[in-house]
Each structure stands twice: as C-alpha cells, then as structure tokens.
Protein chains: 2
Amino acid sequence: MKLGRMNHVGYAVPSMADAVAHWRDVMGATSVSDEIILEEQGLKVVFVDTPTDSGMNGTQIELIEELTPGQTALTGFLAKNPLGGQHHVCFEVPDIDAARAEFERLGKRILGPTRIVAHGTPIFFVHPKDMQGMLTEIMESPKAAH
Amino acid sequence: MKLGRMNHVGYAVPSMADAVAHWRDVMGATSVSDEIILEEQGLKVVFVDTPTDSGMNGTQIELIEELTPGQTALTGFLAKNPLGGQHHVCFEVPDIDAARAEFERLGKRILGPTRIVAHGTPIFFVHPKDMQGMLTEIMESPKAAH
C-alpha cells in the first residue's frame, strides 16, 4: 500500500467519563466530539482532535469504551490492560479495495469484512501478529477531507 | 497543559531491520530516517514520516530497538510484548518547564529529569498509571518547526 495519513490512534478506556476528563483537564484538549454509540459493536467512542502546525486536521485520539462489558472486541485488551491504553492505530489509503487485496496478497490476516463504522468510510483491521504487534486499521480517506 | 501536536507514536521493535522493512514494504512509507544511536539509553531509533492533507509535518512513527537487550527502558515492555507494539505517545507543548510544573501540581508521577534525547528538544515522560494507561512523553515544540 501507499502510506496515507495517520487518521487516529485508538485508546481503550475503562471509563469514558474519566477519559474525557483526562483529555480535557490534564491534556488540555479543546475539541472533543459528542459520544457516538456503535450499537452493533457494543461500543461507545469519542474523538479528541489534536492541533497541527498547519491548522489542518491532526491525528485524532479515539477513546473507546465498552457499552456491554465483557462482550466486545475490547474485552480481551481491557482484561490485560485494566487501566486502558493504546489499542490500535489507523492509517488512510485512497482505495480500500486495492489495499485489502494487497494485504491479502502479502498473506496478512484481515479481521472480518470491510465495513463502515464510526467514520462513515470503509475500514478493515489487520491482525497485530502480522503487523509488528500493532492492531492496524486501514481506512479509505474520508471524502470530506479532500 | 495546552494540548499541542501529536509529535510521534513510539513503537518498540524486536528487530529494527524487520520493522523498517515492514514500514517500507508493507505500509508503503517513503520517508524513513537513518538510524539514530542513543548510547546513553542503550537504544537505536528510526523515524518514519507519515503524510498529511496539508503537506506539512505529520505525526511520526518512532521505531525503537534495544542496543543492549535486557538492560533498557524497553526491556519490560518487550518481555510482555515479544512482537513489539505501541510503547508511548508524545505530545508537544510550547514550554516544557511550565508543563512539568503543571503535571507536578496535578500529582502525576514524572519519570526522571527533563532531558534532551533524539529530537534535540527537551522532553519528559509521565507514568502510564497516572495517564489512562499510556506512557506519555511531553516535548517542547522543536524550534525548527516554527
């Protein structure tokens, strides 16, 4: 693939209220999204914007909390990391189907179908064991950004 | 503090050669630094640039390998994560001393003195247990970026 923007870094959090307070009050974030409910995944997410030198879109922090504790894609991670922590990283590509085909050709294990979740643009995840220990999300660049 | 740029995300890697090959050949990075030797820390680092919509400086990936295995700040992390993985995240601030004083006032555990390492600008680290599970590096914005 051709490396695109680091769209966001995902952090699992045991408490969204505590996490939002941390980012606002300790880290000084001034742009924090409303809560987004992902019913199908049993998750709630909040995006924190980070500034850039250009003034354009910086890499976001995605805070992720379980709505249904013990039954989500975060459960194993939170069991190992009860305080929360860095869960995945997401990079943009211009063409999601081309990127998926290339990861498949390289023998990388892709986790589930290409799907649209919180950003309104198609994504897929690649297994951390094939990605230097990093759960990696690949996202087609959101159209609004261009 | 006032949240600044996400300067970089740090990844511990068991093999720098494999990690650089991954970022070049799988992820498609085109801007990869030379190796930087940090003798005092017993570490070797390489920076991978990521693109942005603006064309200006994106959040970097910092790949970190032990020069002296078993005797560095990465040793515990690599023991728990033998494939490597996300080790820390770094945010910029305009004034490192003001930021340090504020973290101290908040009772956050700061790890060691403020010091200059790979970026040529002062940094300090804050304990993950006080930072939502994230080892957090605070860096004074490099002067060259402004």
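This briefing covers the sheets, one buried strand, selected residues and the internal space of a predicted model. Chain A holds an open sheet of eight strands with mixed pairing, and eight strands of chain B also form an open, mixed sheet. A search of the whole structure finds one cavity of 30 Å³ or more.

**Sheet of chain A**

- The strand order in chain A is E2-E3-E4-E1-E5-E8-E7-E6.
- The edges of this sheet are strand E2 (36–38) and strand E6 (110–116) of chain A; each has a single partner strand, so one side of each lacks a neighbour in the sheet.
- From one strand to the next, the twist averages 25°.
- Strand E7 (residues 122–126) and strand E8 (residues 136–140) of chain A run antiparallel and are joined by four bridges.
- Within this pairing, A:Phe124 is opposite A:Ile138 of E8(A).
- Helix H1 (residues 16–26) of chain A packs on the sheet, where it touches strand E3 (43–48) and strand E4 (60–66) of chain A.
- The direction of H1 in chain A makes about 160° with that of E4(A).

**Sheet of chain B**

- In chain B the strands follow the order E2-E3-E4-E1-E5-E8-E7-E6.
- Strand E2 (36–38) and strand E6 (110–116) of chain B each have a single partner strand and stand at the edges, so each has one side without a neighbour in the sheet.
- The twist between one strand and the next averages 25°.
- The edge strand E6(B) runs antiparallel to strand E7 (residues 122–126) of chain B, and four bridges join the two.
- B:Ile110 has B:Val126 in E7(B) as its bridge partner.
- Helix H1 (residues 16–26) of chain B packs on the sheet and touches strand E3 (43–48) and strand E4 (60–66) of chain B.
- Between the directions of H1 in chain B and E4(B) the angle is about 160°.

**Strand E8 of chain B**

- E8(B) pairs with strand E5 (residues 85–93) of chain B in the parallel sense, over five bridges.
- In E8(B), B:Glu137 stands opposite B:Cys90.
- The pairing of E8(B) with E7(B) is antiparallel and has four bridges.
- B:Ile138 of E8(B) stands opposite B:Phe124.
- Five of the five residues of E8(B) are buried, so the rest of the structure largely encloses this strand.
- B:Thr136, B:Ile138 and B:Glu140 point one way from E8(B), while B:Glu137 and B:Met139 point the other way.
- The buried residues thus listed include two glutamates, B:Glu137 and B:Glu140.

**A buried glutamate in chain A**

- A:Glu92 belongs to strand E5 (residues 85–93) of chain A.
- The relative accessible area of A:Glu92 is 2%, under the 20% limit, so this residue counts as buried.
- Beyond its neighbours within four places in sequence, A:Glu92 contacts A:Met1, A:Lys2, A:Leu3, A:Gly4, A:Arg5, A:Asn7, A:Met139, A:Ser141 and A:Pro142.
- One of these contacts, A:Asn7, is 85 residues from A:Glu92 in sequence, and the C-alpha to C-alpha distance is 6.2 Å.

**Positive phi in the E7–E8 loops**

- Most residues other than glycine have a negative phi.
- A:Gln132, which is not a glycine, has a positive phi of about 60°.
- This residue, A:Gln132, is found in the loop between E7 and E8 of chain A.
- A:Gln132 has a relative accessible area of 18%, which is under 20%, so A:Gln132 is buried.
- B:Gln132 likewise has a positive phi, near 60°.
- B:Gln132 lies between E7 and strand E8 (136–140) of chain B, in the loop.
- B:Gln132 counts as buried, at 18% relative accessibility.

**Internal cavity**

- The largest cavity holds about 100 Å³ of space.
- Its lining has 16 residues, and those closest to its centre are A:Thr52, A:Gly58, A:Thr59, B:Gly58 and B:Thr59.
- Residues of chain A and chain B are thus both named among those closest to the centre.
- By class, the lining of the largest cavity has four nonpolar, ten polar and two charged residues.

Technical notes. Residues numbered from 1 in each chain as written. Chains lettered and ligands numbered in written order. Predicted model: local features only at pLDDT ≥ 70, side-chain atom pairs only at ≥ 80, totals over all residues. Heavy atoms only, no water. 1 Å grid on protein atoms, 1.4 Å probe; cavity = no way out; pocket = protein on both sides within 12 Å on 5 of 7 lines; lining within 4 Å. Points joined across faces, edges and corners; volume = space filled by probe spheres on them. Nonpolar A, V, L, I, M, F, W, Y, C, P; charged D, E, K, R; others polar. Pairing = 2+ DSSP bridges. Axes fitted to C-alpha atoms, helices over the stretch in contact; angles between N-to-C directions. Contact = heavy atoms within 4.5 Å. Buried < 20%, exposed > 50% of the residue type's maximum accessible area, 1.4 Å probe, protein only.
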